[in-house]
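Reader: I'd love a close look at one part of this model: the places where open space is left among the atoms. Please start wherever you like, and spell out the cut-offs as you go.

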Amino acid sequence: MILRRSKEWLTLLRSLLYIFMFLALGEIIVYFLFPYIPGNIVGMFLIFFALKFRIINLQDVKPASDKLMKYLVLFFIPYGVGLMSYFHLIEDYWISITFAAVLSSLLTLYITALVLQKMEK
């Protein structure tokens with residue numbers, strides 16, 4: 001029982017190490033090459049391509065990603081607090097913010113549909 005739990009913890013730590021390794025690699029690439037792109041986005045693309053081209057297996061990162069997905073809601077709390085600190089600004093410009101959000105969402109949906117149609121052919 002204890003041995004099984006310690007093996008689960010080691011697997012979880014190893015999968016967290018993979019995720020943080022790609023995050024750090026993304027930050028390093030951004031620091032030297034692309035300072036205008038967030039490092040976590042580059043790290044996300046790197047781990048995506050590593051999984052796509054089978055450099056790492058899905059089972060290597062699945063334990064940590066399952067745990068992180070379980071608590072995903074907690075990652076949005078800082079954004080909500082930041083949003084509330086700018087409430088006076090949002091109150092003044094809510095029409096233009098809503099218009100920009102709806103327009104950009106529709107544009108993204110349209111472009112995604114076009115790319116999907118091109119890729120299906």
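## From a loop to the pockets

Author: Happily! Arg54 lies in the loop between α2 and α3 (helices are DSSP runs of H or I with at least four residues, strands runs of E with at least two, numbered from the N terminus). The model is predicted, with local features needing pLDDT of at least 70 and side-chain atom pairs pLDDT 80 or more, while totals for chains, interfaces and linings use all residues. Residues are numbered from 1 along each chain, and side-chain values use heavy atoms, without hydrogens or water.

Let's stay with the loop for a moment. Arg54 is not a glycine, yet its phi is positive, at about 55°. Most residues other than glycine have a negative phi. Arg54 also counts as exposed, because its relative accessible area is 69% (buried is under 20%, exposed over 50%, partly exposed in between, with a 1.4 Å probe and protein chains only).

Now step back to the whole chain. The protein chain has six helices and zero strands, so to speak a plain α-α-α-α-α-α pattern when read along the sequence. Its C-alpha atoms fill a box of roughly 60 × 45 × 35 Å along the principal axes. Buried residues make up 12% of the 121 residues. Among contacts in the chain with a separation of 6 or more, 47% join residues 24 or more positions apart (a contact is a pair of heavy atoms within 4.5 Å).

On to the part you asked about. Rolling a probe the size of a water molecule over the atoms shows where empty space is left. A pocket here is an open set of points on a 1 Å grid over the protein atoms alone, where a 1.4 Å probe fits and protein lies on both sides within 12 Å along at least five of seven lines; lining residues have an atom within 4 Å of a point. The volume is the space filled by probe spheres on the points, which are joined across faces, edges and corners.

The largest pocket holds about 870 Å³ of space. Its lining has 21 residues, and Ile19, Asn40, Met44, Leu68 and Leu72 lie nearest its centre. Three helices each supply at least two residues of this lining: α1, running from 2 to 32, α2, from 39 to 52, and α3, from 58 to 70. Helix α3 gives the largest share of the lining, with seven residues. Sorted by class, 16 lining residues of the largest pocket are nonpolar, three polar and two charged (Ala, Val, Leu, Ile, Met, Phe, Trp, Tyr, Cys and Pro are nonpolar, Asp, Glu, Lys and Arg charged, the others, Gly among them, polar).

For the second largest pocket, the space comes to about 160 Å³. Arg5, Glu8, Trp9, Leu12, Pro63 and Lys67 form its lining. Helices α1 and α3 are the elements that give two or more residues to that lining, and α1 has the largest share, with four residues. By class, the second largest pocket has three nonpolar residues, no polar ones and three charged ones in its lining.

Both linings draw on α1 and α3, which brings us to some contacts between these helices. Ser15 is found in α1 and counts as buried because its relative accessibility is 0%. Beyond residues up to four places away in sequence, Ser15 touches Asp60, Val61, Pro63 and Ala64; of these, Pro63 also lines the second largest pocket. The C-alpha atoms of Ser15 and Leu58 are 9.7 Å apart in space, with their positions 43 residues apart in sequence.

From the other side, Asp60 sits in helix α3. Asp60 is buried too, because its relative accessible area is 15%. With the same sequence neighbours left out, Asp60 touches Arg14, Ser15 and Tyr18. The side chains of Asp60 and Arg14 make a polar contact at 3.2 Å (N or O atoms within 3.5 Å, one able to donate a hydrogen and the other to accept it; residues adjacent in sequence count only through side-chain atoms).

Finally, further along the chain, Glu91 belongs to helix α5, residues 87-92. Glu91 is partly exposed, because its relative accessible area is 49%. Glu91 and Ser104 are 13 residues apart along the chain, and their C-alpha atoms are separated by 20 Å.
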